Number of protein chains: 2
Amino acid sequence: MGMAQWHDRTPILVSLIGRPDFGPALDLALSQVAAFDLTCVFAYPGEERPLLLHDGLRGVSSPAIMANYLNGTYLLDAVYAACRRPVPDGLYRLRELAPDDFFEGDYFKSPAVHPCISMETGTLAEEIVFIAALSPSTRLAYSLMRQNGRETFTETEMEALRTAAPMVTALLAQHWRSHVPADGAVDGALLERAFSSFRPGTLTAREQTIVSLVLRGHSSLSIARLLDIAEGTVKNHRKHIHAKLGISSQTELFNLFIGHLIGEA
Amino acid sequence: MGMAQWHDRTPILVSLIGRPDFGPALDLALSQVAAFDLTCVFAYPGEERPLLLHDGLRGVSSPAIMANYLNGTYLLDAVYAACRRPVPDGLYRLRELAPDDFFEGDYFKSPAVHPCISMETGTLAEEIVFIAALSPSTRLAYSLMRQNGRETFTETEMEALRTAAPMVTALLAQHWRSHVPADGAVDGALLERAFSSFRPGTLTAREQTIVSLVLRGHSSLSIARLLDIAEGTVKNHRKHIHAKLGISSQTELFNLFIGHLIGEA
DNA sequence: GCGTACATATCCCCAAAGGGATAGTTTTTG
DNA sequence: CAAAAACTATCCCTTTGGGGATATGTACGC
């Protein structure tokens, strides 16, 4: 069954946390426990679009299909639904996660939506997935797939993979934690407090509003639309802000703010 | 023997990497494999003074003795010598590491130098130590100690601990890597640490260099002059960085980094 | 009433960043 | 050794930001 080999390899996986070859190494180590053909890791952060964190699809899924999936068809994915439900950390068969009629529906059969299932070379024998929580609202999904013509995973294999699951989910979370935007951190209370304690008195209320929007990543045009004023007005405000703070670029503004954040800590 | 319990607990240890309760949890998990009374983790970075990273000494070592050790008597320590030699990662008995006359020398017998050995309550039955490399010149040492009146570690216990050693050393390195100033980093400031822990694995070394310069406020031209490459090359790197991080502007890069800073706190 | 500060808005010009495409050289890695 | 990845470089074109100058409306206080 290969559990001994699995235990032998886990220390190596731990040492590869945070390194670029972690994904391939995880594939390799798990292949000692049970055979599979394709893998991938997606993050489903909050209500945002998924991120492809690891691509073990061997080029079977075209870039166009992947782009489709990331742009919207993921909403129809049973794995996505499970991550939103959410389910506890562990190993799941796709058949368990999917509604009864899933495999009869348009999604599964469409050749243009799923990055893994619908490939030119045929259909999948089975997909199983490790699900790991990164935060209350973010889940990682590590899929193992068997291609057409092969058997489904036996219960013996599943049992061995289930034994490995606690380690797999812990590894997934540790390695990819820093690759996924933190839970609402960018508009969290911490950031709010940092904004309001940033140069109070020097800037007018309106200017503070504009600074906080700039720091959140908005362009002048985007700010103008948000506040329902002209783009030129926003640019003018930014000009005044720069003059007051004694800086001459957005970059310096970010630097001031980073210094402010660190100084507070 | 407890190897089954050990394997059960390692996933929890992995999930605690980077969290404050990792040290105690490691002590607890290893105590299932073999009994011991006291523990501690030191880092020996380059040629600098050691750092006490984990204190499982239960107050047996006085602050004064610890200060002495950190200030200079560590130079006489056999564990320090082993880390400077250096020895390969693994588990060692202190008796193996020490020169033959070590236990007869002034160091071992002095009541004022060793943070663990010389305590009021008596002497040690034995000390064993896991040594893990953090970098070519930095080693971590995780000591397990049995107090007076107990037996030394049996060969059976040592064998069990040696089986666990690859995982233990990998865990040590991962958890405490960010606690020890990077190799040759002059100041190892907060900001430096934040830069180096920003999306590891996603970006190449060169790309990380460019990101850190951009975040410091440099323009493409300024970076080009600093690195003595063409401005277009810098712009190209930035293009690739944006693609990898899934963003499309400097502003978003700053946002990611601010989120990273806040997320770490 | 008048000055001041603030928010709004427009024009022009230049510097910088973003992005597609392509390609030669070096380094890493299997 | 051969393939892959990374680093280097250039061309061209669009979008965004930065800054000078200027102007109108509005709210507040003296």
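**Exercise 1. Which oxygen of DNA strand D does a backbone N or O atom of A:Gln250 approach, and what else lies near the strand?**

Step 1. The oxygen belongs to a phosphate of DNA strand D, and the backbone atom of A:Gln250 is 2.5 Å from it. Such a pair is a polar contact (N or O atoms within 3.5 Å). This is a predicted model, in which local features need pLDDT of at least 70 and side-chain atom pairs count only at pLDDT 80 or more, while totals for chains, interfaces and linings use all residues. Residues are numbered from 1 along each chain as its sequence is written, chains are lettered from A and ligands numbered from 1 in the order written, and side-chain values use heavy atoms, without hydrogens and water.

Step 2. For B:Ala230, a backbone N or O atom is 2.6 Å from a phosphate oxygen of DNA strand D. B:Thr233 uses a side-chain N or O atom, at 3.1 Å.

Step 3. Around DNA strand D there are 17 residues, near meaning a heavy atom within 4 Å. Sugar and phosphate make up 58% of the strand's atoms within 4 Å of the protein.

**Exercise 2. Is strand E5 (residues 138–147) of chain A buried or exposed?**

Step 1. Buried means under 20% relative accessible area, exposed over 50% (1.4 Å probe, protein chains only). Strands are DSSP runs of at least two residues.

Step 2. Because 10 of the 10 residues are buried, strand E5 of chain A is largely enclosed by the rest of the structure.

Step 3. A:Leu140 and A:Tyr142 are among those pointing one way, A:Ala141 and A:Ser143 among those pointing the other.

Step 4. Strand E1 (residues 38–45) of chain A runs antiparallel to E5(A), joined by 8 bridges; A:Phe42 has A:Ala141 as its bridge partner.

Technical notes: Helices (H or I, at least four residues) and strands (E, at least two) are DSSP runs, numbered from the N terminus. Two strands pair if DSSP finds at least two bridges between them. A polar contact is a pair of N or O atoms within 3.5 Å; within protein, one must be able to donate a hydrogen and the other to accept it, and residues adjacent in sequence count only if both atoms are side-chain atoms.
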